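Please look over the structure below before reading on. The report then takes up a few of its features in turn.

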Amino acid sequence: MSHQPRSIEESRIAQPIGTTLDRFIKNNQDQFAFASGELSQLLRDIALASKVVNREVNKAGLIDIMGAIGSQNMAGDQQQKLDVLANIRFTRALMKGGEACAIISEETESFVDLNNNGKYVIAIDPLDGSGNIDVNVSIGTIFSIYRRKSPVGRPIQTIDILQPGADQVAAGYVLYGSSTMLVYTTGHGVNGFTYEPTLGEYFLSHPNLRMPTEGKIFSVNEGGYFSFPEAVKKYLAYCKEQQYTGRYIGSLVADFHRNLLKGGIYIYPATAASPTGKLRLMYECNALALVAEQAGGKATNGTTRILEIQPENLHQRVAFYVGSPSMIDRAMQFNLG
Ligand code: AHM
Ligand code: MG
């Protein structure tokens, strides 16, 4: 049989078309024990809101210019801080379908009570790393999805809101970086999707992501060094003796994502200023802990697996160590707790 060289056009046609996020969600819907399409719809709603936020993030540097020429978006709510705007985008998207009964957000003091018939509670940091917006550095959205525990149709209860991370039915993040990515898990491994802006679609680009068992990157804000616990200082000295690479963006999603792909450890310890740590359990750490574990990594506060911590309030802070399993195991030998 002769193998004629293909024309460029033929080669193009022969290339398989990518898997869109929508198709992937649909194809994998039956992995979910309560498959009724509602969780799938929530994931789609989050993806849609992230596209809108992505558009706004990309215009961040233009806001003053557009303000100066009096331009407004359709809703008339331009000129707001991007993190507030992102909160509005995600809340609206999650409200629309009626699947969510409550939203816990970094941007709101109390939870947003939505719809007694909704079966899901969403915890979200709509735009994390917001200090990096003005300087054109990667930022992210972090989300956790829980099933409510109390009967549907009644007002939601504390047990619906304060659920430990182990009860998440799905979690993930969006990284607004050099390209925009959505990475999520429903407890069956982790998959990553890259946004193709001209088509307005996320495409599966990182199927079945696995975190390297070992790594050489440590990510910590060493500016806080003198207020770190002694054990953390010792561990950091160890990282340097090992000639690990220090990488710290200051956007949790971006630091986490790099370490997920390359292998590494992210460290945000308790400090003198934040004796229980800075990062928030419910809408920053839990989602990334589930993604890490589902990719073969580990996440702890130094003594307890993050996913097992029973939250006591919506905005609770925890120390956070997340990353490659061997690196976390070794770090724990320093008794970082
Ligand atoms: P934010 O929710 O106000 O954006 O703060 C969370 C961010 C994380 O993205 C990042 O890892 C951390 O705060 C950086 O804190 P620091 O500037 O103390 O290093
Ligand atoms: Mg945040």
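This report covers a metal site, a sheet and some aromatic pairs in a predicted model.

## Magnesium site

The magnesium ion (ligand 2) has as protein donors Glu-106 (OE), Asp-125 (OD), Asp-128 (OD) and Glu-284 (OE), which lie 1.9 to 2.4 Å from the ion. Along the sequence, the spacing of these donor residues is E-x18-D-x2-D-x155-E.

Glu-106 sits in the loop between β1 (100-105) and β2 (112-113), while Glu-284 belongs to helix α9 (residues 281-294), so this pair ties together parts that are 178 residues apart in sequence. Glu-106 is partly exposed, at a relative accessible area of 30%, whereas Glu-284 is buried, at 4%.

## A five-stranded sheet

An open sheet of 5 strands runs in the order β10-β9-β11-β15-β13, and its pairing is mixed. Its edge strands, β10 (245-246) and β13 (298-300), each pair on one side only.

Within the sheet, β9 (residues 217-219) and β11 (residues 264-268) run parallel and are joined by 3 bridges. Ile-217 has Gly-264 in β11 as its bridge partner.

## Aromatic pairs

The model has 13 aromatic pairs. In one of them, the ring centres of Tyr-225 and Phe-226 are 5.4 Å apart with the planes at 90°, so the pair is edge-to-face. Tyr-225 is partly exposed at 26% relative accessibility, and Phe-226 is exposed at 75%.

Tyr-238 and Tyr-244 also form an edge-to-face pair, because their planes are at 90° and their ring centres 6.3 Å apart. Tyr-238 is buried at 16% relative accessibility, as is Tyr-244 at 10%. Ring pairs link these two residues with Tyr-235 and Phe-334 into a cluster.

Note on methods. Residues are numbered from 1 along each chain as its sequence is written. Chains are lettered from A and ligands numbered from 1 in the order in which they are written. This is a predicted model: local features need pLDDT of at least 70, side-chain atom pairs count only at pLDDT 80 or more; totals for chains, interfaces and linings use all residues. Side-chain values use heavy atoms; hydrogens and water are left out. Donors are N, O and S atoms within 2.8 Å of the metal (3.2 Å for Na, K and Ca); water is not among the atoms, so sites may look incomplete. Helices (H or I, at least four residues) and strands (E, at least two) are DSSP runs, numbered from the N terminus. Buried means under 20% relative accessible area, exposed over 50%, partly exposed in between (1.4 Å probe, protein chains only). Two strands pair if DSSP finds at least two bridges between them. Rings of Phe, Tyr and Trp (its six-membered ring) pair if their centres lie within 6.5 Å; planes under 30 degrees apart count as stacked, over 60 as edge-to-face and the rest as tilted.
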